[in-house]
Each structure stands twice: as C-alpha cells, then as structure tokens.
Amino acid sequence: MQSKYVPVSVYPVDDSRRKSAPISRFAIPALLGALVGALAWPHAIWLAPLALLLLPIVNKRHWLHPFLLMLGYHLATTYGLIKGTSVFFLHAGLFLGMVFWSLSSLAFALPYLAYPCITLYFRGGSPAGGSLADGGFGAVTATVITSAISTIFPPLGIIGWTSPWLGAVAAGPTGILLTILGIFALGRLTRKNQEILARLLVVGFVVVALWLLPFAFPALDAMMGHPLPTAPTGWVGIDTHLGRLRSNLSYVEASMELAPKVLADLRSGDKVVLLPETVAGPWLPGTRAIWRPVIRWTARHPEQIVLLGADVPLAKGYLDALVKIQDGHQTVLPDHIPVPFSMWHPWRPQGSFRMAPFSRKPETTEMDGKKVGYLICYEQLLMWPALDLYPHGIQILLAPANDWWARGTDIPAIQRVSAKAWAAFFRVPVLFAVNQ
C-alpha cells in the first residue's frame, strides 16, 4: 500500500548556496589563472608554468575549467593592450583597446576547450575505465597540443604573447623537462589527492610569489641559473627617446640627429652599433644620403658595423628590417612577423608591412666572426620566431624595439624579459636598443 504522506526535511534548505555554487565553480579557475598571470608577468616569469601545471588539476572538476583558467591567465597578462592601443590608435580611444584585449585573450583560451577531449583520447590504459583525466600521458599531450595551438604555432602564434612556456624556457631545457614531468605527475593523481595538492600548491605559490616580488630581477637571475653573458666589448645598443615619429620629415630629423652620434661611436672604437626599430623610417635615397658619412666610414673601416632600424620599401608596402651597414655596403635583414593591425594590414596592402612567418630565410647574420640572431620588436614577445633561431646555433641575440606607444604599460618590461628568457635558453648575450 502506497503511503499518502510525503516526508519533509526538518532542516532548512539554503537555496542561495545552491544557486551561488555554479557561479563560484566557474569563477575560481578564472581567478586562479588571473592570479598566476598577474604575479608572473613581467617580473617573475618563472611562475608562469604554474598555469600549465594547474590544467590537469582543474580539468577533473569540469570540462570548461581549463578554458576558464587560461582565459583568466591571458586577461591578466595582456591588459596593457588597452592603454597601448588607445595611444597608437588615437581616434579609437579605450574601446578598441578593450576589444583587442578581450578578443585576443579569448582566442588564446579557445584551444583549451579541446583539453578534456585530448586528455581522454591519449589517457592510456584500458579504454573501458578511468575518469576524464586519467593518465599522465594524456595530461602532457593535451597540455602540449593546446598550448602550442594557443601561443606557439601560427596562426595564433603570430599574436600569442605571454606564453606560459616562456617561464620554463628561461630555465633552459631543464625547466621545460621539469614542467612536463610535473604535468605528467599531476595527471596521474586521483581527484582526492589532486584537491589536497592543489590547495597546497596555490597557497605555496602565493606566499612565495609575494615574498619574491620585491626582489624580482635579482631573484630571476638567481632562480633561472647563471646571469646572462655580457655582450662582447665594443658592441653597443643605443636607446633613444624620440617618441612617435609621425611624418617623413620627423624621420629625417631623427636621422640627422642620430647619424653624427653613431659616427662618433665608431670613431671612439665601437665595433658594432645597434639602433632601435624603424628609427630611420623609409629607407629612401634621401635617408641614405643622411647616413652616407657612416656608410663611407665603414668602407674605410670594414671591421665596424652599424645596424639601423628602417622601413624598406617594397612594390606594395614595406619590410620591417635592420639595415646592416658594413664595408660601405647595405644589407637588408628583414623580420618575419610585424605587429598585426598596426603594421600588417593585408586588407589595405598599400603601406602594410610584409608578414612571412614561414620564411625560409632565418633571422641570422654573420658579424665580427660570430653567428648573430635578431628578433625585431614585436617578435621578442612571441615563441615562433625565437624557435626558428634554435637550429642555427646563434652566439649573440640582437633585440631592437620601438616602444613609444607602450609607455606607461608593462608591455616593454614583458618584451624585455621575454627576450632575456630566450637569451638564457640559447645561453647567449642579448643586446637591446629601444626607442621610447
């Protein structure tokens, strides 16, 4: 016989808790990623791989959590775009900067939506059993594939800055190996053990990061191994404070100011002089005439070299390049990846800079008997151009830049520490020349 009475709980039900649980459930991984990104960049990038280590942990909670973790991470690391874009595109104000910031962060995070599926596919063991994130191999494979799509390989690789792998790169192959082993170990843990470890990991991370932050750069040298080697004697980079050069006349004035200074450096005995990106402007006959005394000097002193940032005209558009002046001759050393939208705009070819991420010509040259690699400005933020230098065994890294538009943001610091990370990985000195 069926009872007509319905059992009623004598304990009050907290509906607000039930409603708020899903919100906090999705907010926590995003806030965790933002915390990692904010503390890691630009002064403590050795902490950035923690975002990768957290992926197999949060993946056990919900299939959206890897995406939310990396969305929070990239929103925290790229917020300098808001002000930088508003300075470069004066007519657009903060709105365009907000659009670039939010959409680029979303693009970087989207590949991680596939993280659970890739983990499941490569988890190993019996196909019949196990939870969604079983297996260290699956965690490593999913992390490598999604992060490579997000911030390493084109097409997203041409905009993918603040990659969490850069913190591991700064420690050399050992840092990369330890990161992979950490992901493998965390991927093999049970959910209960992962939750305990995750809490300890986060608390320890926050305490250590806050303690190290005041000693950021000295700590970086200490924790990432040995300080970078110094550039050879006589190799100098000239920093300038020319700001925005708005017209051809302003470029002419800049060249007329810089050429005598460079000539004085050569006369004082400097072997290699590096100048910032694009400070000479369009490399036209009039510009070359201003630099003719420097060109003639190198013809008489072939052991001395000048590297000058310039826009080299093409049939349509320009090359963002270094003009190497040696032995009275000029050699164009082009970049592979200029800044999208501001420099590379294929919808308006006239005035656009060439984009060539798959160029077979490496960004290397020979100078003073040494193999030299170069990353021009925006390329210093990315993984793809630097990886292209790896097979060539460079001995010195050149890092010219033009950061006038990013003053007051952390972008120049991120750029500088990224270049230093690659120099540490290659175990070579890095020579900077920056216009602000």
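This text walks through a predicted model, from the overall fold to one helix pair and then to some unusual backbone positions.

The protein contains 16 helices and nine strands. Of its 436 residues, 52% count as buried. Among contacts with a separation of 6 or more, 72% are made by residues 24 or more positions apart.

Helix α12, residues 248-267, is a useful place to look in detail. Its 20 residues reach 29 Å from the first C-alpha to the last, close to the 28 Å expected at 1.5 Å a residue. The buried residues of α12 are Ser 250, Tyr 251, Ala 254, Ser 255, Leu 258, Ala 259, Val 262, Leu 263 and Leu 266. These buried residues pack against two strands, β2 (272-274) and β3 (305-313), and against the helices α13 (285-290) and α14. Just after α12, Gly 269 takes a positive phi of about 110°.

The contact with α14 can be followed residue by residue. The axes of α12 and α14 (residues 292-300) lie 9 Å apart and meet at an angle of about 20°. Angles under 35 degrees count as roughly parallel, so α12 is roughly parallel to α14. The crossing of α12 past α14 is left-handed. From α12, the residues involved are Ala 259, Val 262, Leu 263, Leu 266 and Arg 267; from α14, they are Pro 293, Val 294 and Trp 297. Seven of the residues in this contact are nonpolar, none is polar and one is charged. Ala 259, Val 262, Leu 263 and Leu 266 also appear among the buried residues of α12.

The remaining points concern the backbone in loops. Most residues other than glycine have a negative phi, and most peptide bonds are trans. Two cis peptide bonds can be examined here. One joins Trp 41 and Pro 42, with omega about 0°; Pro 42 sits in the loop between α1 (15-40) and α2 (50-59). Another runs from Pro 154 to Pro 155, with omega near 10°, and Pro 155 belongs to the loop between α7 (136-151) and α8 (165-169).

The loop between α7 and α8 also holds Thr 162. Thr 162 is not a glycine, yet its phi is positive, at about 55°. With 0% relative accessibility, Thr 162 counts as buried. Asp 327 likewise has a positive phi, near 55°, in a residue other than glycine. Asp 327 lies in the loop between β4 (318-326) and β5 (329-334). Its relative accessible area is 38%, which means that Asp 327 is partly exposed.

How values were computed
Residues are numbered from 1 along each chain as its sequence is written. This is a predicted model: local features need pLDDT of at least 70, side-chain atom pairs count only at pLDDT 80 or more; totals for chains, interfaces and linings use all residues. Side-chain values use heavy atoms; hydrogens and water are left out. Axes are lines fitted to C-alpha atoms, for helices over the stretch in contact, and angles run from 0 to 180 degrees between N-to-C directions. Helices (H or I, at least four residues) and strands (E, at least two) are DSSP runs, numbered from the N terminus. Angles under 35 degrees count as roughly parallel, over 145 as roughly antiparallel, 65 to 115 as roughly perpendicular and the rest as oblique. A crossing is left-handed if the near helix is turned anticlockwise from the far one by less than a right angle, and right-handed if clockwise. Contact means heavy atoms within 4.5 Å. Ala, Val, Leu, Ile, Met, Phe, Trp, Tyr, Cys and Pro count as nonpolar, Asp, Glu, Lys and Arg as charged, and the others, Gly among them, as polar. The expected span of a helix is 1.5 Å times one less than its number of residues. Buried means under 20% relative accessible area, exposed over 50%, partly exposed in between (1.4 Å probe, protein chains only).
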